Amino acid sequence: MEVIGAVALALLLDLLLGDPRWMPHPVRGMGRLIEAGEQTLRRRFPGHERLAGVFLAASMVLGVYALGRGLSSASEQIDPALGVVVQALLIYFSLAPRDLAVHALRVRRELRGGNLEGAKTKVSMMVGRDVAQLDEKGVIRATVESVAENTVDGVTAPLFFAFLGGGSAAIAYRAANTLDSMVGYRHAPYTEIGWASARFDDLLNLLPARLTAWMMPLAGIFLGGSIPGGYRALLRDGRKHDSPNSGLPEAAMAGLLGVRLGGPHWYRERHYPSPWIGFDRRPIAPGDIVKAIGVMAITTLILFLLFSWMRWTVAG
């Protein structure tokens with residue numbers, strides 16, 4: 001099956017290359033287009049920022065999908081093997097598991113070296129919250145939470161859409177996720193112009209987030225931890241998060257590892273008394289960062305096998 005082969009090749013490319021800074025990356029180009037589009041649309045639709053945001057989200061996602069679809073179709077007509085390679089590249093550009101693992105391990109390295117300030121600097125590259133108030137356990141929690149949440153955004157959701165609609169669907173999902181990360185905020189000046197991007201990203205992640213969260217505790221078969229605890233935390237705490245999706249993988253991760261995630265945090269110099277997620281069976285430790293990366297890797301493998309089987313069954 002061409003799609004299964006393309007996804008497998010994309011995962012291999014990410015494992016070998018990650019996100020090398022020397023290589024042009026479409027996501028960085030998307031970021032520049034979003035910045036330019038936001039500024040232009042604010043000027044074109046003064047007083048109608050929500051409408052401008054709808055146009056920004058629709059034009060960006062549909063434009064990226066059309067470009068990806070055009071490249072895929074043209075390459076397939078030239079040679080089917082070239083079509084698989086182009087599909088794999090589009091999927092590869094939509095994924096980020098190695099980059100996520102590298103960022104998380106940099107935080108752990110700083111903590112192991114006793115450099116809390118350095119760890120705060122590294123974790124600030126992964127999360128949006130204020131990190132100045134974090135102690136060591138807070139830094140670890142923020143890192144583990146980021147790995148859990150971004151397992152969906154950076155790995156399993158792109159895989160889901162790749163199996164559903166090929167490389168063009170995967171890269172279009174990445175465009176929607178990039179929009180959300182850049183303008184999908186509730187605070188000014190993005191409250192209105194980012195509304196559509198945030199809602200669309202929530203919609204796209206509804207099913208991938210739930211599939212991921214329900215598969216995560218199964219990683220305990222290989223890594224240890226409490227598989228029942230993962231499911232209990234998922235059912236009890238998965239909806240405590242402000243996001244309709246992010247709390248699900250975080251709860252599953254917390255329950256599996258037997259630690260607490262979430263809790264009060266600072267954001268834009270304001271204190272938010274967010275609820276705790278998971279079970280406080282033991283203190284969280286730097287080693288939990290490595291365990292979280294392992295959970296991400298095994299969950300990815302499980303879903304790859306599941307999606308491949310489903311694709312094969314439907315095609316057969």
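# A tour from Ser72 to the core

Select Ser72 first: leaving out residues up to four places away in sequence, Ser72 touches Val86, Gln87 and Leu90, where contact means heavy atoms within 4.5 Å. This is a predicted model, in which local features need pLDDT of at least 70 and side-chain atom pairs count only at pLDDT 80 or more, whereas totals for chains, interfaces and linings use all residues. Residues are numbered from 1 along each chain as its sequence is written, and side-chain values use heavy atoms, with hydrogens and water left out.

Ser72 is found in helix H3 (residues 49-78); helices (H or I, at least four residues) and strands (E, at least two) are DSSP runs, numbered from the N terminus. With a relative accessible area of 1%, Ser72 is buried, a term for under 20% relative accessible area, with exposed for over 50% and partly exposed in between, for a 1.4 Å probe and protein chains only.

**From H3 to H8**

Keep H3 displayed and add helix H8 (residues 195-215), which packs against H3 at an angle of about 50° with the axes 7 Å apart. Here axes are lines fitted to C-alpha atoms, for helices over the stretch in contact, and angles run from 0 to 180 degrees between N-to-C directions. H3 and H8 are therefore oblique to each other, given that angles under 35 degrees count as roughly parallel, over 145 as roughly antiparallel, 65 to 115 as roughly perpendicular and the rest as oblique. To see the contact itself, select Arg50, Gly53, Val54, Ala57 and Val61 in H3 together with Trp195, Ala196, Ser197 and Phe200 in H8, since these are the residues that meet. The residues of this contact of H3 with H8 divide into six nonpolar, two polar and one charged, where Ala, Val, Leu, Ile, Met, Phe, Trp, Tyr, Cys and Pro count as nonpolar, Asp, Glu, Lys and Arg as charged, and the others, Gly among them, as polar.

**The loop before H8**

Step back to the loop between H7 and H8, where Pro189 lies, and inspect the cis peptide bond that joins Ala188 and Pro189, with omega of about 5°. Glu192 has its place in the loop between H7 and H8 as well, and at 31% relative accessibility Glu192 counts as partly exposed. Apart from residues up to four places away in sequence, Glu192 touches Glu49 and Arg50, while a C-alpha distance of 10.0 Å separates Glu192 from Gly47, 145 residues apart along the chain.

**Along H8**

Select Asn205 in helix H8, which at 3% relative accessibility counts as buried. The side chain of Asn205 makes a polar contact with the side chain of Asp153 at 3.4 Å; a polar contact is a pair of N or O atoms within 3.5 Å, and within protein one must be able to donate a hydrogen and the other to accept it, with residues adjacent in sequence counting only if both atoms are side-chain atoms. Not counting residues up to four places away in sequence, the residues that Asn205 touches include Tyr173, Asn177 and Asn245.

Continue to Met215, also placed in helix H8, which is buried with a relative accessible area of 19% and touches Thr299, Ile302 and Leu303, again not counting residues up to four places away in sequence.

**H8 against H11**

Now add helix H11 (residues 247-257), of which eleven of the eleven residues are buried, so H11 is largely enclosed by the rest of the structure. H8 and H11 pack at an angle of about 5°, with their axes 8 Å apart, and that makes H8 roughly parallel to H11. In the viewer, Ala209, Arg210 and Ala213 of H8 meet Leu248, Pro249 and Ala252 of H11, and by class this contact of H8 with H11 has five nonpolar, no polar and one charged residues. Just after H11, look at the backbone of Gly258, which takes a positive phi of about 75°.

**Into the core**

Which residues have the most contacts inside the largest nonpolar core? They are Val7, Ile91, Val107, Val144, Met253 and Ile289, in a core of 88 residues, a nonpolar core being a set of buried Ala, Val, Leu, Ile, Met, Phe, Trp, Tyr and Cys residues joined through side-chain atoms within 4.5 Å. The largest share of this core, 23 residues, comes from helix H7 (residues 136-183). Centre on Val144, whose contacts, not counting residues up to four places away in sequence, include Met253, Leu257 and Ile289.

Finish at Pro158 in helix H7, which at 0% relative accessibility counts as buried. Leaving aside neighbours within four places in sequence, Pro158 is in contact with Ser94, Leu95, Val152, Asp153, Ala170, Tyr173 and Arg174.
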